[in-house]
Amino acid sequence: MQSYKKILLAAAVTLAFSASAAAETLKMGIEAAYPPFNNKDASGQVVGFDKDIGDALCAKMKVECTVVTSDWDGIIPALNAKKFDFLISSLSITDERKQAVDFTDPYYSNKLQFIAPKAKTDFKTDKASLKGKIIGAQRATLAGTWLEDNLGDDITIKLYDTQENAYLDLTSGRLDAILADKYVNYEWLKSDAGKPYEFKGEPMVESDKIGIAVRKKDPLREKLNAALKEIVADGTYKKINDKYFPFSIY
């Protein structure tokens, strides 16, 4: 009888340890199509600023984290369907999104700015000058929403499933310009395809705060906030920032 009790006790300890280990594994959701913040390298591994920040946060929380990729259009529904535990994919904090998810404190600040061909030296970004133009943006982004809200009656807006497809239409001459996150445009302008293009005008949005999304009332939010404060304080954030940008985006 004594031996049987020991076996039961050992089994219970094993189950508890397994449950604890399982609880310490989190899945982070990433689009993986938005360089330099998130994309895939030649071997198919997810890389980028978002991934590095996510890994650093997981290290501070002392949890194992794995990446789950998702198409942009369905990325918030995927979070709420529990396909992953938190969403770190350059998501702008907006009132509309706050109805569906909770956000951490911002982990970087963004701006929205137009890019167009350098050859169009007279390209201006005021409403009157843009009238009749064909402007591209990624679907379900702050850039797309801004165009619809501010220029929807004056321009033709083309929305794309990925930022890369918007760039492809710009280089093929199907667009007059693109409105997108400044730092994503910054990265693309350095590429061979982007060299004939440049920023135009001043940013349309100066302070676009980017946060990590979790499901409503999930206590993980506060753990992520605490970890974010730690990586900023100990210099980890700066090291990741400097890997991608010669200026601070925090």
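UniProt, in an unreviewed entry, lists residues 25–248 as "domain: Solute-binding protein family 3/N-terminal". UniProt positions follow the numbering used here, feature names are shortened, and annotations may be inferred rather than shown by experiment. Over residues 25–248 the chain is 34% helix and 30% strand, and the end C-alpha atoms lie 31 Å apart.

This is a predicted model, in which local features need pLDDT of at least 70, side-chain atom pairs count only at pLDDT 80 or more, and totals for chains, interfaces and linings use all residues. Residues are numbered from 1 along each chain as its sequence is written, and side-chain values use heavy atoms, with hydrogens and water left out.

## The whole protein

Let's start with the overall picture. The protein has 10 helices and 11 strands; helices (H or I, at least four residues) and strands (E, at least two) are DSSP runs, numbered from the N terminus. Its C-alpha atoms fill a box of roughly 90 × 35 × 30 Å, taken along the principal axes. Of the 250 residues, 45% count as buried. Here buried means under 20% relative accessible area, exposed means over 50%, and partly exposed lies in between (1.4 Å probe, protein chains only). Contact means heavy atoms within 4.5 Å. Among contacts between residues at least 6 apart in sequence, 69% join residues at least 24 apart.

## Two helices towards the end of the numbering

Helix H9 covers residues 220–233, which makes 14 residues. From its first C-alpha to its last H9 reaches 20 Å, close to the 20 Å expected at 1.5 Å a residue; the expected span is 1.5 Å times one less than the number of residues. The buried residues of H9 are Leu220, Leu224, Asn225, Ala227, Leu228 and Ile231. Seen down the axis of H9, these buried residues fall within an arc of 165°, so they line one face of the helix. The arc is that of the directions from the helix axis to the C-beta atoms. An α-helix has 3.6 residues a turn, so residues three or four places apart point the same way. Turned away from the buried side of H9 is a face carrying the exposed residues Lys223, Lys229 and Ala233.

What do the buried residues of H9 pack against? Their partners are strand S1 (25–30), helix H2 (49–61), strand S5 (86–92), strand S11 (197–214) and helix H10 (236–244). After H9 comes glycine 235, with a positive phi near 90°.

H10 has its own buried residues: Tyr237, Ile240, Asn241 and Tyr244. They cover an arc of only 100° around the axis, which puts them on the same side of H10. Lys238, Lys239 and Lys243 are exposed on the other side of H10. The buried residues of H10 pack against H2, strand S7 (108–117) and H9.

## How the strands pair

Two strands pair if DSSP finds at least two bridges between them. The table gathers pairings of S11 and S8.

| Strands | Direction | Bridges | A facing pair |
|---|---|---|---|
| S5 and S11 | antiparallel | three bridges | serine 92 and isoleucine 210 |
| S6 (102–103) and S11 | antiparallel | two bridges | phenylalanine 103 and alanine 213 |
| S7 and S11 | antiparallel | eight bridges | asparagine 110 and aspartate 208 |
| S8 (134–138) and S9 (156–160) | parallel | five bridges | isoleucine 134 and threonine 156 |
| S8 and S10 (177–181) | parallel | two bridges | isoleucine 135 and alanine 177 |

Is strand S8 enclosed or open? Four of the five residues of S8 are buried, so the strand is largely enclosed by the rest of the structure. Together with helix H6 (residues 142–151) and S9, S8 makes a right-handed β-α-β unit. A crossover is right-handed if, with the strands pointing away from the viewer, the path from the first strand over the helix to the second runs clockwise.

## Details in the loops

A few backbone features are worth finding in the model. Proline 35 and proline 36 are joined by a cis peptide bond, with omega about 5°. Proline 36 sits in the loop between S1 and strand S2 (39–40).

Lysine 62 is not a glycine, yet has a positive phi of about 60°. Lysine 62 belongs to the loop between H2 and strand S4 (64–69), and is exposed with a relative accessible area of 68%. Lysine 82, also not a glycine, has a positive phi of about 65°. The loop between helix H3 (75–80) and S5 holds lysine 82, which counts as exposed at 63% relative accessibility.
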